[in-house]
Every structure is written in C-alpha cells, then in structure tokens.
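Q: I have a model open and would like to go through it with you piece by piece. Could we start with how some of the strands pair up?

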Amino acid sequence: MPKRFLSADEALLLFNELPSDNDSQVSSEDSADEEALPQSDLGESEDVLPPIPSDSDEEVDAPGPSNIPEVKWVRKGKARTEVPDFIEYSGPSEEILELDDHSPLALFLALFSMSIMESIVFQTNLYSTQKGKNFSPLTQNELYRFLAINLAMGLKKMPSYRDYWSSCEVLHDSYISKAMSVKRFAWILSHLHLNDNTVQPKRGDALFDKLYKLRPLLSHLSERFLSAFHPSKCQSIDESMVKFKGRSSLKQYMPKKPIKQGYKIWMRCDQSGFVCQFEIYTGKVDQLVEKNLGARVVTNLSEQLYGKNHKVYMDNYFSSYDLFKFLDSKNVFACGTVNMSRKHMPKNLSADKTMKRGEYDWAVSNDNIVCVK
C-alpha cells in the first residue's frame, strides 16, 4: 500500500499528545521511520505539509530542510530597471600609451617582453647542455629572427618548413632563407624550451601540471594581457578551439563544433576583440567529471571585473541561476542564453507551441533575476 502522511491538523494533534522527554521511550524502529519536526515548522497552512490523497499510487517523500532558499518567480513581474553607470577607464593602459614607439614591433615586445625572451634563451641552452652534445648557444638575436620567421610562415604557408629554403624557385623564399639557415632553424625548433625538465613534478604529485613545460609563457602572457589593456563595459566569455589532430591528453573532441578536435581555451574577450584573459582546459582531474565547470570558468575569468559594473555575455554552456545571482552580488551584470531544464528556472512561462513569431514572455525572481522567452 502507498504511504499516507499526516495532514497539518493531524500532525499538530499528535504532537500535542506526545509525552515529555523524560517519559517518552521511542524504539529504534520508530525513530528510523519518522522524523520529529519542531513546532514552528508545523502550522495550519497546507503549503507546509500538503495532505497526500489516500488513493495515490506513488510514494512521496516528506519535504526536508534545504540549504538553497526557494526561488519564486513572478510571471511578467517588475524588475529593477536602473543599472549603475560604467565609469571605469577602458582601452590601452598607461604603460602602452607612454611607449615612445607604437609600431607593431613595439606593441609585440610590450606583450612578449624582454624578460620572457631571456628566460627562453636560458632554458633552451640549459636543455641543450643537459643533453650532453656539442652545440652553438642560442642568442637573443637569433630568437628574435626565429620568432619573426614563424610569423612570416603564418602568412605564407608551405607544406613543410623546409620548402622555404628549397632550391625550387616556385617554393623558395629569399626573405626567410636569408634570415637564418635551415639547419639552425631546425635545431632551434627541436631544442626550444621554457622550463627545466629536471624539476618537473611527477604525475600523481600534488604540484603536477600538464602544462608545466608551457607554464612560464602562459603565466607571462596572462599577466601582460591584464596589464596592457583596461576592459570596456561589455565582455564576452566563451570557448575557443585550437585545431590539433595529433596525440595529446589535452586534446578535446567536440563533434558539433566547426573545429572538432584540438585544444580548448576558455577566453574572456573585450568588445574590441582583445583577449583580456584565457585559460587552457587540461581535461578531467583524476578521471573525475568536474561539476559546475562552466560556473567555475566564469568566476575565474570575471574576478578582475568585480565591483566595476561590467556586463558579461555568455552562452547556455555557462549560464545558470546560481551563477547569475553570484555575479549580481559582485556588481557584474550577466546576460546569456540558458537551458530551461536547469535548476531554479521558471516553469510558468508560455509553452513554445502557444507562442507566435514576435511574441515574448518573461518572469522575475525574488532575487531580481529576469528570464525572457
């Protein structure tokens, strides 16, 4: 037979007839089946403990305490219309504006600064020394030319990097071939290093990092991107894919994306297109699926925006009620598409089949979150 729970009046009557704590003796079997409720939780309102019909075919659990306050939605309610003005300065930082030279090379060196260049030269020579073979040490001038050649190769693409030094006139590139010999370019390409392999934490170590060999460059660029540009009012957080089909534990497969295989990078971009922050996704941690991954990414990438009245836009991968409520508490105003099956979303909006083109419906929560359909 299905369980039948007491109504509110029956529960009050039974509660008043209970003996005192000194006289009561409750068996372990009864205490496992029933849970005593404080008198303040029992009232005459049927909203607290709704009566269960005796002819019900389903077992219904009694409502219990919840750490999440109830979210109430008012259909076509009135929402806050005043959004604080954005008064922060946006655009290049004072460091960039005070440069004597604003050429493309000067701007590149402002982001890819001298300190990271010197570190790359030192780590490359250290790695070559550790291999125990004779070599000609890399100089900073050679590193500049190596980077310039790679940038030029991105504009004029060949099937192989050796084709730029080909004796065939159709493939030969005189600009690149004069800058550096093919053997020297190949040596730098195979020995270029950013971090010391001998002190790399092993897998299973608490400090293990899948991006250890790239971490100095990633940390440097993240710092330089933040210091070189002040974000404007509107920001966008989304994912970007770097195409890669080789073997790597970092590679992600997303069949519904234009780039289906590659490295996934979370990005916060300014409305001008400048990448203010980025974070490379390294996959599962200890083969466990991370819960609330989208919310974690947004909170990490928007931390620099707290208290400045920015507007952040995102898609339904990141959007959730709890995230928008948290950002609102930090004076960051969020907007994004959302999956209506997610927790705390309104259930009283018009059905899809009843709405015609051009019509819309909305609801406002008790936390002043607006959902528009």
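Q: Which residue is the bridge partner of serine 240 in strand 6?
A: The bridge partner of serine 240 in strand 6 is isoleucine 265, and I should say at the outset that this is a predicted model. That bridge belongs to the pairing of strand 4, residues 234–243, with strand 6, residues 261–270, which is antiparallel and runs over nine bridges.

Q: And how many bridges join strand 4 to strand 8?
A: Three bridges join strand 4 to strand 8, and these two strands run parallel. Serine 236 stands opposite tyrosine 313 in strand 8, while glutamine 235 has valine 312 of strand 8 as its bridge partner.

Q: Which residues of strand 8 are on the covered face, and which on the uncovered one?
A: His310, Val312 and Met314 make up the covered face of strand 8, whereas Lys311 and Tyr313 are on the uncovered one. Valine 312, then, is on the covered face and is the bridge partner of glutamine 235, whereas tyrosine 313, opposite serine 236, is on the uncovered face.

Q: What about strand 9, how does strand 8 run relative to it, parallel or antiparallel?
A: Strand 8 and strand 9 run parallel and are joined by five bridges. Within this pairing, valine 312 stands opposite alanine 334 in strand 9.

Q: Switching to pockets: what is the volume of the second largest one, and which residues lie nearest its centre?
A: The second largest pocket has a volume of about 730 Å³. Its lining is made of 27 residues, and those that lie nearest the centre are Phe324, Ala334, Cys335, Ile369 and Val370. Alanine 334 is thus one of the residues nearest the pocket centre, as well as the residue opposite valine 312.

Q: Which elements give two or more residues to that lining, and which gives the most?
A: Strand 8 (310–314), helix 11 (321–329), strand 9 (332–336) and strand 11 each give two or more residues to the lining of the second largest pocket. Strand 9 gives the most, with five residues.

Q: How do the lining residues divide into nonpolar, polar and charged?
A: The lining of the second largest pocket has 18 nonpolar residues, five polar ones and four charged ones.

Q: Strand 11 came up there; in which sheet order does it sit?
A: Strand 11 belongs to an open sheet of three strands in the order 1-10-11, with antiparallel pairing. The edge strands, each pairing on one side only, are strand 1 (73–75) and strand 11 (370–372). Neighbouring strands of this sheet are turned by 25 degrees against each other on average, with direction ignored.

Q: How many bridges are there between strand 1 and strand 10?
A: Strand 1 pairs with strand 10, residues 362–365, over three bridges in the antiparallel sense, and arginine 75 has alanine 363 of strand 10 as its bridge partner.

Q: Now helix 9: why does arginine 224 count as buried?
A: Arginine 224, which lies in helix 9 (residues 215–228), counts as buried because its relative accessibility is 12%, and the cut-off for buried is under 20%. Its side chain makes a polar contact of 3.2 Å with the side chain of serine 227.

Q: And histidine 220, buried or exposed?
A: Histidine 220, also placed in helix 9, is buried, with a relative accessible area of 10%. From C-alpha to C-alpha, histidine 220 and phenylalanine 112 are 8.1 Å apart in space, although 108 residues separate them in sequence.

Q: Last topic, backbone angles: what is phi of asparagine 331?
A: Phi of asparagine 331 is near 60 degrees, a positive value in a residue other than glycine. Most residues other than glycine have a negative phi. Asparagine 331 is in the loop between helix 11 and strand 9, and it is partly exposed at 35% relative accessible area. Histidine 344, in the loop between strand 9 and strand 10, has a positive phi of about 70 degrees and is not a glycine either.

Terms used: Residues are numbered from 1 along each chain as its sequence is written. This is a predicted model: local features need pLDDT of at least 70, side-chain atom pairs count only at pLDDT 80 or more; totals for chains, interfaces and linings use all residues. Side-chain values use heavy atoms; hydrogens and water are left out. Two strands pair if DSSP finds at least two bridges between them. Helices (H or I, at least four residues) and strands (E, at least two) are DSSP runs, numbered from the N terminus. Axes are lines fitted to C-alpha atoms, for helices over the stretch in contact, and angles run from 0 to 180 degrees between N-to-C directions. On a 1 Å grid over the protein atoms alone, a cavity is a set of points where a 1.4 Å probe fits but cannot get out, and a pocket is an open set with protein on both sides within 12 Å along at least five of seven lines; lining residues have an atom within 4 Å of a point. Grid points are joined across faces, edges and corners, and a volume is the space filled by probe spheres set on the points. Ala, Val, Leu, Ile, Met, Phe, Trp, Tyr, Cys and Pro count as nonpolar, Asp, Glu, Lys and Arg as charged, and the others, Gly among them, as polar. Buried means under 20% relative accessible area, exposed over 50%, partly exposed in between (1.4 Å probe, protein chains only). A polar contact is a pair of N or O atoms within 3.5 Å; within protein, one must be able to donate a hydrogen and the other to accept it, and residues adjacent in sequence count only if both atoms are side-chain atoms.
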